Amino acid sequence: MCKYCLECEWQISTSEGYSEKEVSEKAIEHFVETGHTVDSLRLPPPAAIIEN
Ligand SMILES: [Zn+2]
């Protein structure tokens, strides 16, 4: 899972070693601290990539 800010360069991802819970918490923290809108990006399920 990856979460990113729509209003600045902020982003966080489970690929950086965070758990999904931590990613969610950090995203909420960023929203609370800045009031920025944080959106999440989910990688497509593996089946979608294997297909074809
Ligand atoms: Zn931001």
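## Close-up views of a predicted model

**View 1. The residue that follows helix 1.** Directly after helix 1, Gly35 adopts a positive phi of about 75 degrees. Please keep in mind throughout that this is a predicted model. Helix 1 itself covers residues 20–34 and has the highest mean pLDDT among the elements, 96.

**View 2. The whole chain, for orientation.** The protein contains 2 helices and 3 strands. Starting from the N terminus, these elements follow the order β-β-α-β-α. Of the 52 residues, 12% count as buried. Among contacts with a separation of 6 or more, 45% come from residues 24 or more positions apart. The mean pLDDT of the protein is 87, and 81% of its residues reach 70 or more.

**View 3. Helix 1 from end to end.** How far apart are the end C-alpha atoms of helix 1? They are separated by 21 Å, which agrees with the 21 Å that its 15 residues should span at 1.5 Å a residue. Val23, Ala27 and His30 are the buried residues to look for in helix 1. They lie on the same side of helix 1, because they cover an arc of only 60 degrees around the axis. The face turned away from this buried side carries exposed residues, namely Lys21, Ile28, Glu29, Val32 and Glu33.

**View 4. What covers the buried side of helix 1.** The cover over the buried residues of helix 1 includes strand 1 (2–5), strand 2 (11–13) and strand 3 (38–41). To find this part of the picture in your own viewer, start from Val23, Ala27 and His30, which are buried in helix 1.

**View 5. The sheet and the helix packed on it.** In what order do the 3 strands of the open sheet lie? They are arranged 2-1-3, with antiparallel pairing. Strand 2 and strand 3 are the edge strands, each pairing on one side only. On average, neighbouring strands of this sheet are turned by 15 degrees against each other, direction ignored. Helix 1 packs on the sheet and touches strand 1, strand 2 and strand 3. The direction of helix 1 makes about 170 degrees with that of strand 2.

**View 6. Strand 1 and its two partners.** Strands of a sheet pair through backbone hydrogen bonds, either parallel or antiparallel. Here, strand 1 and strand 2 run antiparallel and are joined by 3 bridges. These two strands form a hairpin, with 5 residues between them. Across this pair, Lys3 stands opposite Ile12 in strand 2, and Cys2 stands opposite Ser13 in strand 2. Strand 1 is also joined to strand 3 by 4 bridges, and these two run antiparallel. Cys2 is a handy landmark here too, as Leu41 in strand 3 stands opposite Cys2.

**View 7. Ser24 and Lys26, seen with Ile12.** Ser24 sits in helix 1, and so does Lys26. Is Ser24 buried or exposed? Ser24 has 16 other C-beta atoms within 10 Å, so Ser24 counts as partly exposed. Lys26 is likewise partly exposed, because Lys26 has 16 C-beta neighbours inside 10 Å. Ile12, in strand 2, gives a useful reference point for both residues. Ser24 and Ile12 are 12 residues apart along the chain, and their C-alpha atoms are separated by 9.1 Å. For Lys26 and Ile12, the C-alpha to C-alpha distance is 7.8 Å, with 14 residues apart in sequence.

**View 8. Helix 2, to be viewed with some care.** Which element has the lowest mean pLDDT? That is helix 2 (residues 46–50), with a mean of 60. Where pLDDT is low, the predicted coordinates should not be read in detail.

Definitions and conventions. Residues are numbered from 1 along each chain as its sequence is written. This is a predicted model: local features need pLDDT of at least 70, side-chain atom pairs count only at pLDDT 80 or more; totals for chains, interfaces and linings use all residues. A residue is buried if 20 or more other C-beta atoms lie within 10 Å of its own, exposed if 12 or fewer, and partly exposed in between; C-beta atoms are placed from the backbone. Two residues are in contact if their C-beta atoms, placed from the backbone, lie within 7 Å. pLDDT is the predictor's confidence in each residue, from 0 to 100. The expected span of a helix is 1.5 Å times one less than its number of residues. The arc is that of the directions from the helix axis to the C-beta atoms. Two strands pair if DSSP finds at least two bridges between them. Axes are lines fitted to C-alpha atoms, for helices over the stretch in contact, and angles run from 0 to 180 degrees between N-to-C directions.
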